Amino acid sequence: MKRLYDNELIYGRLLTVTQPHLVERYNKALKAFGLPATVLERFDIDKTGFSPQIADELDDPNYLDPNGVNRRFIILTPAQSTLPVVHTCFSNTEALVYEFYNSNSRAIQALTIKDVIYGEIEDNVSTVRDVEDLLSIEQVEFKVLSADDVLGKAATLRSLVDRLKTEPEAWRDDAMLERMVDLAKVAGDIRENRLVPDQVVFRHDAFWTSHFGGCYIFNDEKMTTVICDPDAPGFRRSRPWQVSYLSIRDQARIFRFLAETGRLDPPRASWLETSGLLEHRAEMAIRALLRKSDPDADYSGMDAVWLQTWMHRNAGLINEEGTYPFLNAIKREIAQTGRVDIGRIPDRFRFLLARARPEHKDAWLVNRLITEFVPDDFVSRYVFNKQGFYADYTGYDDAFRQHVVETLKNTYLTDKAAFRKRLYGL
């Protein structure tokens, strides 16, 4: 993984913590969680406060996610709001934390001047034992604490201020006034600074979770759809009148579900001809075939001419595998008719033509699900399904790992937003 780290393909865009007072505050949060303090003087953190260096130090990558649910967070600075989440068991953790930052920006700004904010993103389950536990998660609540109890002291000061305003003789209570002065030294002027986050409950909508080998849950008005391994505990055993269960192995039913619920962009010339998705999928298919058929291939000199030469020499292999000629046939059909009759496309090829409908609220999650069925497209896997990409990467030989890194650097990393816009409409 060092090659990925050196090229900012894993744990990229994190915030480096070096200031002693911030390290001290982080240690206060760790202590509150019952964890040992770090001896590191420099480490990186993500949006939730997770640090890969501290995870290594503790030998525990789940130190902020001990049960894979009720994720912990540590906020040292409002600057964390723009960072990614690099380690999570739920795909929507980043969106939920972003909503928390966005809804409570003034309080976070004021609190982190003096203190560290920490706590848990709580829901109504403490451990996930079966699919029903996942289905029961409808909303989460941010339980917010501060190490030096600035939150508690602000609340106490607020009550004393109210007492001073409402009780005519309260101003004669010297002890109370002295206490208010002491509290104000910590909490500041609570009339100007909003110190208590006031929006802490957020809806837990459609999501992916790493539990049971990977599980997708989509919520529609009258039906919840679960997509996972049918061997997962609780699969097809809960509320069949309200929950639809699809096996992750059943490509045909999953494609039909996504299409019928309006989550897929129908394959039309209007976007297929301009996005370059067909060309991208074809190139990824050839690279995968090259890797599997020629383990000793030298990718260092690969360019368009080199690749074309290899394809000519291996035309029989390419035709036998079928993906590349299929995509070329679809390109011709699109040019002639402007559309594709998806009903006559074999199940194993359908997801090659698929992307999420960009305007749908579940677009990112749907694109992640699509990558489950096009695993040879390592670029799309990296963009939408980093856990899947990292698992694939460990199985590549060293030469192909270097090729993957160079490809990502020269395509996606050069302009992420433009790449996502062109291929996926996002």
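Start by selecting helix 19, residues 398-410. At 1.5 Å a residue, its 13 residues should span 18 Å, and the end C-alpha atoms sit 19 Å apart, which agrees. Keep in mind as you go that this is a predicted model.

**Stop 1: around helix 19**

Stay at the beginning of the helix and show side chains. At the start of helix 19, D397 puts a side-chain oxygen within 3.2 Å of the backbone nitrogen of A399.

Now colour the helix by burial. Which residues of helix 19 are buried? You should pick out F400, H403, V404, V405, T407 and L408. An α-helix has 3.6 residues a turn, so residues three or four places apart point the same way. Look for that spacing as you step through the buried set.

What covers those buried residues? Bring up helix 1 (2-6), helix 11 (277-293), helix 17 (378-384) and helix 18 (386-394), which are among the elements that do the covering.

**Stop 2: helix 18 against helix 19**

Hide the rest and keep this pair. Two packed helices are described by the angle between their axes and the distance between the axes. Here helix 18 and helix 19 pack at about 145°, and their axes are 10 Å apart. The contact is made by F389, Y393 and T394 from helix 18, with R401, V404, V405 and L408 coming from helix 19. Three of those names should ring a bell: V404, V405 and L408 also belong to the buried residues of helix 19. As for handedness, the crossing of helix 18 and helix 19 is right-handed.

**Stop 3: the four-stranded sheet**

Next, select strands 7 to 10. They make an open sheet of 4 strands in the order 7-8-9-10, with mixed pairing. Strand 7 (207-209) and strand 10 (243-247) are the edge strands, each pairing on one side only. Look along the sheet and you'll see the twist, which averages 20° from one strand to the next.

Walk across the sheet in strand order:

- Strands 7 and 8 pair antiparallel over 3 bridges, and W208 has Y216 of strand 8 as its bridge partner. The two strands form a hairpin with 5 residues between them, and in the turn F212 has a positive phi of about 60°.
- Strands 8 and 9 are also antiparallel, over 4 bridges, with F218 opposite T225 in strand 9. A hairpin of 4 residues links strand 8 to strand 9.
- Strand 9 (residues 224-228) and strand 10 run parallel, joined by 5 bridges. Find T224 and you'll see V243 of strand 10 standing opposite.

**Stop 4: inside strand 8**

Zoom in on strand 8 (215-219). Why call strand 8 largely enclosed by the rest of the structure? Because 5 of the 5 residues of strand 8 are buried. In a regular strand the side chains alternate between the two faces of the sheet. You can check that directly: C215, I217 and N219 point one way from strand 8, Y216 and F218 point the other way, and all are buried.

Now add helix 16 (residues 363-371). Helix 16 lies across strands 7, 8 and 9, running at about 145° to strand 8.

**Stop 5: strands 3 and 4**

For the last stop, select strand 3 (residues 72-75). Both of its faces are covered: R72 and I74 are buried on one side, F73 and I75 on the other. Then add strand 4 (residues 117-122), which runs antiparallel to strand 3 and is joined to it by 4 bridges. Which residue of strand 4 is the bridge partner of I75? Click on I117 in strand 4.

Definitions and conventions. Residues are numbered from 1 along each chain as its sequence is written. This is a predicted model: local features need pLDDT of at least 70, side-chain atom pairs count only at pLDDT 80 or more; totals for chains, interfaces and linings use all residues. Side-chain values use heavy atoms; hydrogens and water are left out. Buried means under 20% relative accessible area, exposed over 50%, partly exposed in between (1.4 Å probe, protein chains only). Two strands pair if DSSP finds at least two bridges between them. The expected span of a helix is 1.5 Å times one less than its number of residues. Contact means heavy atoms within 4.5 Å. A polar contact is a pair of N or O atoms within 3.5 Å; within protein, one must be able to donate a hydrogen and the other to accept it, and residues adjacent in sequence count only if both atoms are side-chain atoms. Axes are lines fitted to C-alpha atoms, for helices over the stretch in contact, and angles run from 0 to 180 degrees between N-to-C directions. A crossing is left-handed if the near helix is turned anticlockwise from the far one by less than a right angle, and right-handed if clockwise.
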